[in-house]
Amino acid sequence: MKKRNLRDESIDLHRNHSGKIEILSKVSVDSEDDLSLVYTPGVADVCKAIVDNENEADTLTARGNTVAVVTDGTAVLGLGDIGPKAAIPVMEGKSILFKNFANVDAVPLSLNTKSVDEIVTIIKALEPSFSGINLEDIAAPRCFEIEERLKKELNIPVFHDDQHGTAIVVLAALYNALRVVNKVHKNVKIVINGAGAAGISIAKLLLHAGFKVISLVSLEGVVCKGEAWLNPAQAKISEQTNLTGITGTLDDAIHDADVFIGVSAPGVMKPRHIQAMNNDPIVLAMANPIPEIYPEEASKAGAAVVGTGRSDYPNQVNNLLAFPGIFRGAIDAKAKDITMEMKVAAAKAIANVITEKELDPTYIIPNALDKRVAKLVAKAVRVTALQQNSNTSSVS
């Protein structure tokens, strides 16, 4: 069988179609009557209706189902800082996934600036056109500040998928992996290798979900309170993690750990690390395309459950399981934020797709293309958002 030339196939597809997305009209304009309805003079009355009630913009225009996929091109896939134009193919791909899996319309926006203030200002100015903001491929630590400021200053959901989408799917995989090895989640020791955007977000969500013993490892060493090299985001998470004050490297942190979560670099985990872990260790090695350790090597060293970010191995931990359904649910609930409770609800919905009978060391997470997932995630997020809104209204 002839091996696929993925590079040439992908470039040909994009060149032949001039990209992957287009804008289509929902209505026809074949007569003067049509024209008078979709444009002047009829559209003036639609504008006036929105003047009278701004909420009508969500039902009288496409805004109510449209999300902006925004990047500055500084942390694209495994390619790094390739710039805003080179990031467009990824943003187009993300937009397709929003539409195909959750019927959410998405617009790719690549910004020619790395300034936090400018990015925040631009996105704030775009709020009238969108019902949600998906931040994508923005390098840490700027991504933390951008998201934090936007969440405070906008009245629509803001979600950095590289952080939170990854964290949600990791939590879902972990719920099921712990069922496989019959361990109680509050008692397990977790080591997260990688203390950037994804690693810190994973730690925050796991803490919120009730996991208590978590350490992060960065290139500089184990994240420990008081270390001079910590950036502000790492310093903040150090207040809640590594409570025993471990210092050193992965060699020091991994001893007696139950779970290894890798969002770092190829090949950094060795068989000796797995052999130093607790019995029935769980390894989620998600560096892409080359994981921290390959599944066959991890299993040979004693790992009970192994997941990666790759589609050619079992247990692919893929953000596609999370973000379409999360935005669908948040939009349907008219949520102004995507809360921790909504993220946990999404993770549980993903995990619960797999029945007790189906659960297996090689099947702890649904296939990324499973169309059931987005619907179930959307329902869980919508119900949680409405409950939170109801509770807030009752208190006020």
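Let's start at one residue, V381: leaving aside residues up to four places away in sequence, V381 touches I326, G329, A330, M342 and A346. Please keep in mind that this is a predicted model.

So where does V381 sit? It belongs to helix α16, which covers residues 372–395. Is V381 buried or exposed? Its relative accessible area is 0%, so V381 is buried. For a sense of distance, take K114 as a second point: V381 and K114 are 267 residues apart in sequence, and their C-alpha atoms are 32 Å apart in space.

Now look at helix α14, residues 323–332. How many of its 10 residues are buried? The count is 9, so α14 is largely enclosed by the rest of the structure. The buried ones are F323, P324, G325, I326, F327, R328, G329, A330 and I331. You have met I326, G329 and A330 already, among the residues that V381 touches. Just after α14 comes K334, which takes a positive phi of about 55°.

Let me zoom out to the whole protein. There are 16 helices and 10 strands. Along its principal axes, the C-alpha trace spans about 75 × 65 × 45 Å. A compact globule with 396 residues would have a radius of gyration near 21 Å, and the protein has 22 Å, which agrees. Of those 396 residues, 48% count as buried. The accessible surface comes to about 19,700 Å², and 53% of that belongs to carbon and sulfur atoms. Here is one about contacts: if we take those between residues at least 6 apart in sequence, 65% join residues at least 24 apart.

On to charges. The protein has 41 positive and 47 negative side chains, and the centres of these two sets lie 4 Å apart. Side chains of opposite charge can pair when their charged atoms come close. How many salt bridges are there here? The count comes to 20. I'll show you a few.

In one of them, the side chains of D258 and K183 meet, with 2.7 Å from N to O. This pair links distant parts of the chain, 75 residues apart. D258 is in the loop between α11 (250–253) and β8 (259–262), while K183 is in the loop between α8 (161–181) and β5 (189–193). Both D258 and K183 are buried.

Next, R272 and D251 form a salt bridge, at 3.3 Å from N to O. R272 lies in helix α12, residues 271–275, and D251 in helix α11, so the pair ties together parts that are 21 residues apart in sequence. R272 has a relative accessible area of 47%, so it is partly exposed. D251, at 38%, counts as partly exposed too.

What about R372 and D370? They also form a salt bridge, and their closest N and O atoms are 2.7 Å apart. Here the partners fall into separate classes: R372 is partly exposed, with a relative accessible area of 43%, whereas D370 is buried, at 16%.

Salt bridges can also join into a group. Which residues are linked in a network of salt bridges? They are D117, K124, E145, R149 and E153.

To finish, find V381 in helix α16 once more, and then look for I326, G329 and A330, which V381 touches. Thanks for listening!

Terms used. Residues numbered from 1 in each chain as written. Predicted model: local features only at pLDDT ≥ 70, side-chain atom pairs only at ≥ 80, totals over all residues. Heavy atoms only, no water. Helix = DSSP H or I, 4+ residues; strand = E, 2+ residues; numbered from the N terminus. Rg over C-alpha atoms; globule rule 2.2 N^0.38 Å. Buried < 20%, exposed > 50% of the residue type's maximum accessible area, 1.4 Å probe, protein only. Contact = heavy atoms within 4.5 Å. Areas by Shrake-Rupley, 256 points an atom, 1.4 Å probe, with all protein chains shown as cover. Lys, Arg positive; Asp, Glu negative; His and termini not counted. Charge placed at Lys NZ, Arg CZ, Asp CG, Glu CD. Salt bridge = Lys/Arg side-chain N within 4 Å of Asp/Glu carboxyl O.
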